[in-house]
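Let's walk through this structure together, starting with what lies inside and ending with how its helices meet. Keep the view open and turn it as you read.

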Amino acid sequence: MTPAVTAPPPAWPAVPPLAPGTAPYAAPGGGYGQGVVQHPADPLTLLAHGIGSQHDLPISPFYAFAGAFTALFVSFLALGLLWSASRFRGDRSGIALPAGLQRVADAPATRTALRGLGLAAALAVLLHLLLGPDDPARNPAPGAVYVLLWVGLVPASLLLGPVWRLLNPLRALHRALSRLWHPEVRPLPARVGQWPAAAGLFAFTWLELVSPDPASTTTLLSVLAGYATVQLLLAARFGERWFADGDAFEAYSALLARLSPLGRRSDGRLVLRNPFHGLDATPERPGLVATVCVLLGSTAYDGFSDNPSWINAIQTSPLGRTAAATLGLLGSVALVAALYCLCAAATRLVCGPHPGPLTAFAHSLVPIALGYLVAHYFSLLVTEGPRTVSMAFGTDNAPEPLSPLGPGGLAALQVVAVVTGHVLGVIAAHDRSVRLFPPAKAVAGQLPLFALMITYTVGGLSLLLN
């Protein structure tokens, strides 16, 4: 993970390798994950993505792009020839799990225990922010927010479903406050949709990637306190259902959980399902496209923000580093969204009017966003995650972050994650296309989407390999 930091001046001195056993760390004043590194020859060497530079991975760009294009073309042709009718049934599908297991999962005691766990974790982070040192190398709070929460929600939601809905400490606080105060609850306008979640996700990624001092305890305390206050006030006005779309982390977890093998059928039963069925059940709501585009665009910005030319550009910008980086993040999200909107317009032009021209295929972007998240943050989670937990439990000598994969294995994982995400997106888009359009136009209607997938693939692999 690579929040913005105070970067080196445009002229970079040659830096010898770190001495054996010397661990780079995120220092005060640097962002979490991409921090200022203490080094005898150059104290401002950048640590990018928790693993070193993404631009020197030992894999041939030719083979990576050739494999990606082959996978996309073969899947597109096979789907066009062999998949002529919609096969995904959304929330009507799934094999029901044993009733006893569902009773335990839905029991009030289970829900209370999970809410208590979320509150305890939030209290621990708060205490570390209030009482701990203002140094992310010795305080686990920044790692808890940027690694365990932001990155850890990805595997947790994929394996267990929308877990943040059960752990969310803000829900627990709202319920406790509601027993003391009973304000008039008003309905949330349908047009609001997931726009609050999209705005919240953008604000968090700005904090992580752009803000001058994202790992500072003062910064985190101020931001978390402000976010909690706003969320609780809006929940008091619109009721607990506000969190489903208004809380950025809950919407983020729920969106990724669409690809979980665990889910709920429309009758409320807990089921095992094909993840494509869960993805197909993604509600087409206002703000869905914005939410996915923020995930894609912010991850893309994270990919190129450690490029020396970009660092030099924002360091020398007359607007100042923070303003220039903010425009870069905004531009990345806007570019992803503009490409998708052009694709939706082209699909409408080829196939004629169809319901929800923007949201009808937005669900197909979710596996692409997941692929980017895995490619960029896997190493950060498996190295800094255990270190953060170790610090939280008071271990004085936290282990040095060591990736379980070598450079070659990591490069292969990143390429496979990006390509797999796009192939899954092609499958989801094809199934939706054959459902919405007559057979004569179903394949032609996918051509703009296919072109979009290729464009995103080229961009994603370029950020990883160049």
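A residue counts as buried when its relative accessible area is under 20%, exposed when over 50%, and partly exposed in between, using a 1.4 Å probe and protein chains only. What you see is a predicted model, in which local features need pLDDT of at least 70, side-chain atom pairs count only at pLDDT 80 or more, and totals for chains, interfaces and linings use all residues. Residues are numbered from 1 along each chain as its sequence is written, and side-chain values use heavy atoms, with hydrogens and water left out.

Let's begin with a charged pair. Glu-250 has a relative accessibility of 2%, so this residue counts as buried. Its partner in a salt bridge is Arg-171, with the closest N and O atoms 2.5 Å apart; the term stands for a side-chain nitrogen of Lys or Arg within 4 Å of a carboxyl oxygen of Asp or Glu. Because Arg-171 lies in helix H7 (residues 169-180) and Glu-250 in helix H11 (residues 248-256), the pair ties together parts that are 79 residues apart in sequence. Helices here are DSSP runs (H or I, at least four residues), and strands are runs of E with at least two, numbered from the N terminus. Arg-171 is buried as well, at 11% relative accessibility.

The whole structure holds twelve salt bridges. In another of them, Asp-280 and Arg-432 bring their closest N and O atoms to 3.1 Å. Asp-280 sits in helix H12 (residues 275-280) and Arg-432 in helix H17, so far along the chain that 152 residues separate them. Both Asp-280 and Arg-432 are buried. Through shared partners, salt bridges join Asp-280, Glu-284, Asp-431, Arg-432 and Arg-435 into one network. For a pair with mixed exposure, look at Arg-138 and Asp-135, whose closest N and O atoms are 3.5 Å apart in their salt bridge: Arg-138 is exposed at 55% relative accessibility, whereas Asp-135 is buried at 15%.

Now to the nonpolar interior. In soluble globular proteins, nonpolar side chains tend to be buried together. A nonpolar core is a set of buried Ala, Val, Leu, Ile, Met, Phe, Trp, Tyr and Cys residues joined through side-chain atoms within 4.5 Å. The largest one here has 85 residues, and Trp-150, Tyr-252, Leu-296, Tyr-340, Leu-365 and Tyr-456 have the most contacts inside it. Helix H17 (residues 407-436) gives the most to this core, with ten residues. A separate second core has seven residues, including Leu-170 and Phe-243.

Those two residues also appear around Gln-231, which is found in helix H9 (residues 217-238). Gln-231 is buried, at 4% relative accessible area. Beyond its neighbours within four places in sequence, Gln-231 is in contact (heavy atoms within 4.5 Å) with Leu-170, Trp-242, Phe-243, Gly-246 and Asp-247.

Finally, return to H17. Helix H16 (residues 366-392) packs with H17 at an angle of about 170 degrees, their axes 7 Å apart. Axes are lines fitted to C-alpha atoms, for helices over the stretch in contact, and angles run from 0 to 180 degrees between N-to-C directions. H16 is therefore roughly antiparallel to H17; angles over 145 degrees count as such, under 35 as roughly parallel, 65 to 115 as roughly perpendicular and the rest as oblique. Among the residues making this contact are Gly-371 and Phe-378 of H16 and Ala-417 and Gly-421 of H17.
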